[in-house]
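Welcome, and please bring your viewer to the front. We will go from stop to stop, with something to select at each one.

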Amino acid sequence: MSCDFIALATPGVQGLQPYQPGKPVEELERELGITDIIKLASNENPLGAGELARQAYASVGSDLAIYPDGSAYRLKNALASKLGVQANQITIGNGSNDILDLIGRAFLRPGVSAVFSQHAFVVYPITTQVAGAKAIAVPAKDWGHDLEAMAVAVADDTRLVFIANPNNPTGTAVTESALRRFMQSVRDDVIVVLDEAYFEYGLGHDLPDGVRLLDEFPNLVVTRTFSKAYGLAALRVGYSVSQPAIADVLNRLRMPFNVNAPALAAAEAALSDQAHVDETARINREGLKQLAAGFKAMGLSFIPSYGNFIAFEVPVDAMACYHGLLKRGVIVRPIGVYAMPRHLRVTVGLPAHNERFLSALSATLGELS
Ligand SMILES: *Cc1c(COP(=O)(O)O)cnc(C)c1O
């Protein structure tokens, strides 16, 4: 008899469910033997990476024996000058999920709590659970963060609050004035993590820019990523901007060389390619309109989104609808794990992708109802 290794894991780890990513295209090809599949399941950039990032990535390929710059000097400085902050305020992570994990490991433990919203990004409950801390999930309002209720929910033992703006998977966003009121009401020893993974898509709307609020609210940590609008999800680069003392804490915990050399180079190049981000945002705005019009034409309700995805509600079993779409070569994301069992989430694609998704959805609903 071998020993019960799961019982040896920490209580927090024993209670975890593995993260369920969007279904990879190759997996669906293997399972159904079909080709010409489109994946609109992981909020990836349908334009891909920009040309400058691709070139920078390729140029590092000749030096595979050399460790990356563990201090990410060049990327941090490029970010600092773009964002108008000091380089010692920045922490670079293997995706922003790495940063969220560092924050959880640094500040959470059994006996303390973290506050986040119902239907908020799934990494917050995971991080809290791993640390053995108590999760305080606050009911959503109109699918989005109810910041007034979250302020009330902050307890004496609360160390962290997570706010996703815009939020995944609902696409909802909080306004600058609501965020300011929240920050003014919260104790200064409660660290507030403002997850701006979709920041670039929200520009042009009246959403707060977390980096601009850092001087006023020293307990704020803003996280951003190169995975979404910058189109570098494969490379895993994200970062946080905070007071230097918080960056110092995260830097103590960060594994040496947590971001690889091609990723650092590509991210630095991507940062200078504003045209690619602008084009990405433009295509996304058009795509959101196209999808919204399609949902309206089918009489489906959906949650208006500030991100590059839309959660929509189906009048049939959502998993049956998901499988019907798979059969037609379209991968979307079930979001039952977010307590939204009647919704599916679709990522905005290129116009032809969106069209194909809408007609596959219409055919699937016709078949199921
Ligand atoms: C995608 C996403 C992230 C970032 O993922 P990384 O690829 O690890 O940078 C962070 N927060 C939210 C809300 C997301 O949807």
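What follows is a short walk through a predicted model, from the ligand to a ring pair and then to some backbone details.

**Stop 1: the ligand and its shell**

Select the ligand and show what surrounds it. You should find G95, S96 and N97, then F121, N168, D195, A197 and Y198, and finally T225, S227, K228 and R236. Colour this shell by residue character: 3 of its residues are nonpolar, 6 are polar and 3 are charged. If you display pockets, the ligand takes up the space of the second largest pocket.

**Stop 2: polar contacts of the ligand**

Keep the ligand in view and turn to its oxygen atoms. Begin with S96, where a polar backbone atom is 2.7 Å from a ligand oxygen. Next, pick T225: an N or O atom of its side chain lies 2.5 Å from an oxygen of the ligand. Then add S227, which places a polar side-chain atom 2.6 Å from a ligand oxygen. How much of the ligand's accessible area does the protein cover? On its own the ligand has 390 Å², and the protein covers 94% of that.

**Stop 3: a pair of rings**

Now hide the ligand and show the aromatic side chains. The whole structure holds 11 aromatic pairs. Select Y67 and F257: their ring centres are 4.3 Å apart and their planes meet at 25°, and because planes under 30 degrees apart count as stacked, this pair is stacked. Trace the backbone on either side. Y67 is in the loop between α4 (51-60) and α5 (73-83), while F257 is in the loop between α11 (244-253) and α12 (261-271), so the pair ties together parts 190 residues apart in sequence.

**Stop 4: backbone details**

Most peptide bonds are trans, and most residues other than glycine have a negative phi. Here are some exceptions to look up. Go to the loop between β5 (158-164) and α9 (176-185), where P166 is found; the bond from N165 to P166 is cis, with omega near -5°. P169 is in the loop between β5 and α9 too, and a cis peptide bond with omega about 15° joins N168 to P169. You have met N168 already, in the ligand's surroundings.

Finish at H119, in the loop between β3 (113-117) and α7 (123-130). The phi of H119 is positive, near 65°.

Conventions. Residues numbered from 1 in each chain as written. Predicted model: local features only at pLDDT ≥ 70, side-chain atom pairs only at ≥ 80, totals over all residues. Heavy atoms only, no water. Near = heavy atom within 4 Å. Polar contact = N/O pair within 3.5 Å; in protein donor to acceptor, adjacent residues only side chain to side chain. Areas by Shrake-Rupley, 256 points an atom, 1.4 Å probe, with all protein chains shown as cover. 1 Å grid on protein atoms, 1.4 Å probe; cavity = no way out; pocket = protein on both sides within 12 Å on 5 of 7 lines; lining within 4 Å. Sits in = over half its atoms within 2 Å of the grid points. Nonpolar A, V, L, I, M, F, W, Y, C, P; charged D, E, K, R; others polar. Phe/Tyr/Trp six-rings, centres within 6.5 Å; stacked < 30°, edge-to-face > 60°. Helix = DSSP H or I, 4+ residues; strand = E, 2+ residues; numbered from the N terminus.
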